[in-house]
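Hi,

Here is the structure I said I would pass on. Have a look at it first, and my notes come right after.

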Amino acid sequence: MLKPPKSLLRQVGRAIADFRMIGAGDRILLGVSGGKDSLSLLHILNHLRSYAPVRFELAVLTVDPEVPGFDPQPLKDYYASLGIAWHYEQQPLLEQAQTHMDGDAFCAYCSRMKRGIMYRLCREYGYNVLALGQHLDDLAESLLMSLFHGGQLRTMKAHYTNQAGDVRIIRPLVYCRERQMADFAMRAELPVIADSCPACFSKPTQREYMKTLLAREETAHRHLFANILHALKPIMVEGELPQPGRIDVE
């Protein structure tokens with residue numbers, strides 16, 4: 001297996017240190033859809049745990065929304081080859097949305113439902129940290145969506161605790177660009193599972209519009225994302241950062 005490039009390892013390592021994401025004894029459950037971002041993060045964290053100064057555990061979880069064409073089962077043997085435990089949960093989210101979605105976009109509904117499943121499985125299996133694969137491009141798009149449609153300076157948080165206070169959420173890719181994961185996934189021949197959600201493809205989303213807008217602006221302003229990251233850092237955190245590590249580990 002191809003080692004993740006130094007640039008990705010350095011950026012993830014810096015994010016982990018800056019936002020105090022991982023501590024001794026942490027049991028991390030990584031949400032893996034099978035896309036390039038989550039699979040890249042899997043390999044980065046798996047590599048880091050081999051030499052990190054603190055010991056932590058790593059497992060993966062896939063939530064299958066039971067949409068046509070999505071089949072993550074081929075990844076089962078792949079995770080086994082890496083020595084990574086895989087949790088798999090099925091729930092017909094597209095079908096449920098038809099009757100339970102209340103004035104919300106399907107993507108938002110699906111994301112909220114998936115998050116609830118992830119929290120539940122963290123509790124059931126004793127994981128105290130949930131790792132997610134959003135990167136700098138995602139954070140920049142969220143910032144613009146919040147500005148344009150909500151009138152607020154908000155984006156995804158790098159490290160925070162859920163409302164119940166029993167699971168910490170981390171995003172170790174917050175300093176990384178999407179193209180870095182795409183390049184690594186291609187060179188390492190990662191077994192990427194293509195997104196096949198019919199609801200996502202039915203019409204362009206606000207996020208896709210922001211992605212196109214940022215790509216157009218970056219062609220004229222090559223330091224665009226460096227400037228965006230500088231502006232984002234103060235709002236990636238809400239209050240004091242949570243304490244990393246398990247409190248029951250000495």
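Below is what I found in it, grouped by topic.

**How far to trust it**

Keep in mind that this is a predicted model. The mean pLDDT over the chain is 89, and 90% of the residues reach at least 70. If you go element by element, strand E4 (residues 129-131) comes out highest with a mean of 98, while helix H8 (residues 198-201) is at the bottom with 54. Where pLDDT is low, the predicted coordinates should not be read in detail.

**Two paired strands**

Strands E1 (residues 27-31) and E2 run parallel and are joined by 5 bridges. If you want a spot to start from, find Gly31, which sits opposite Leu61 in E2. Strand E2 covers residues 57-64, and 7 of its 8 residues are buried.

**Salt bridges**

How many salt bridges does the structure hold? The count is 17. I picked out three of them for you.

The first one to look at is Arg168 with Asp26, whose side chains meet at 2.8 Å, N to O. Arg168 belongs to strand E6 (residues 168-170) and Asp26 to the loop between helix H1 (6-18) and E1, so this pair ties together parts that lie 142 residues apart in sequence. Are these two partners buried or exposed? Arg168 is buried, with a relative accessible area of 6%, and Asp26 is buried too, at 0%.

Next, try Glu141 and Lys211, which form a salt bridge with an N to O distance of 3.0 Å. Here helix H6 supplies Glu141 and helix H9 (residues 206-220) supplies Lys211, so to speak across distant parts of the chain, 70 residues apart. Glu141 is buried, at 2% relative accessibility, whereas Lys211 is partly exposed, at 24%.

The third is Arg177 with Glu218, where the closest N and O atoms are 2.9 Å apart. This pair also links distant parts of the chain: Arg177 is in the loop between E6 and helix H7 (178-187), and Glu218 is in helix H9, 41 residues away. Both ends count as buried, with Arg177 at 11% relative accessible area and Glu218 at 16%.

There is also a network to trace: Lys36, Asp37, Glu141, Glu178, Arg207 and Lys211 are joined by salt bridges that share partners.

**Cysteines**

How many disulfides are there? The count comes to 0. If you look up the cysteines anyway, Cys122 is buried with a relative accessible area of 1%, and Cys176 is buried at 0%.

**A nonpolar patch on the outside**

Turn the model until you can see Leu147, Phe148, Leu153 and Tyr209, which form a nonpolar patch on the surface. Together they have about 440 Å² of accessible area. Leu147 is in helix H6, which spans residues 136-150, and is partly exposed at 36% relative accessible area.

**Loops worth a click**

Two loop residues have a positive phi without being glycine. Arg20 has a phi near 50° and is in the loop between H1 and E1. Its relative accessibility is 35%, so Arg20 counts as partly exposed. Glu189 has a phi of about 55° and lies in the loop between H7 and H8. Glu189 is exposed, at 67% relative accessibility.

Ala194 is also in the loop between H7 and H8, and at 57% relative accessibility Ala194 counts as exposed. How far apart are the C-alpha atoms of Ala194 and Gly34? They are separated by 7.5 Å, with their positions 160 residues apart along the chain.

Compare that with Gly151, in the loop between H6 and strand E5 (159-161). Gly151 is exposed, with a relative accessible area of 64%. The C-alpha atoms of Gly151 and Gln96 are separated by 31 Å, and these two are 55 residues apart along the chain.

That's the tour. Shout if something isn't clear when you open it.

Cheers

How values were computed: Residues are numbered from 1 along each chain as its sequence is written. This is a predicted model: local features need pLDDT of at least 70, side-chain atom pairs count only at pLDDT 80 or more; totals for chains, interfaces and linings use all residues. Side-chain values use heavy atoms; hydrogens and water are left out. Patches are made of residues with over 30% relative accessible area and no salt bridge: like charges are joined within 9 Å, nonpolar side chains (Val, Leu, Ile, Met, Phe, Trp, Tyr) within 5 Å. Accessible areas come from the Shrake-Rupley method with a 1.4 Å probe; for residues, only the protein chains shown count as cover. A salt bridge is a side-chain nitrogen of Lys or Arg within 4 Å of a carboxyl oxygen of Asp or Glu. Helices (H or I, at least four residues) and strands (E, at least two) are DSSP runs, numbered from the N terminus. Buried means under 20% relative accessible area, exposed over 50%, partly exposed in between (1.4 Å probe, protein chains only). pLDDT is the predictor's confidence in each residue, from 0 to 100. A disulfide is a pair of cysteine sulfur atoms within 2.5 Å. Two strands pair if DSSP finds at least two bridges between them.
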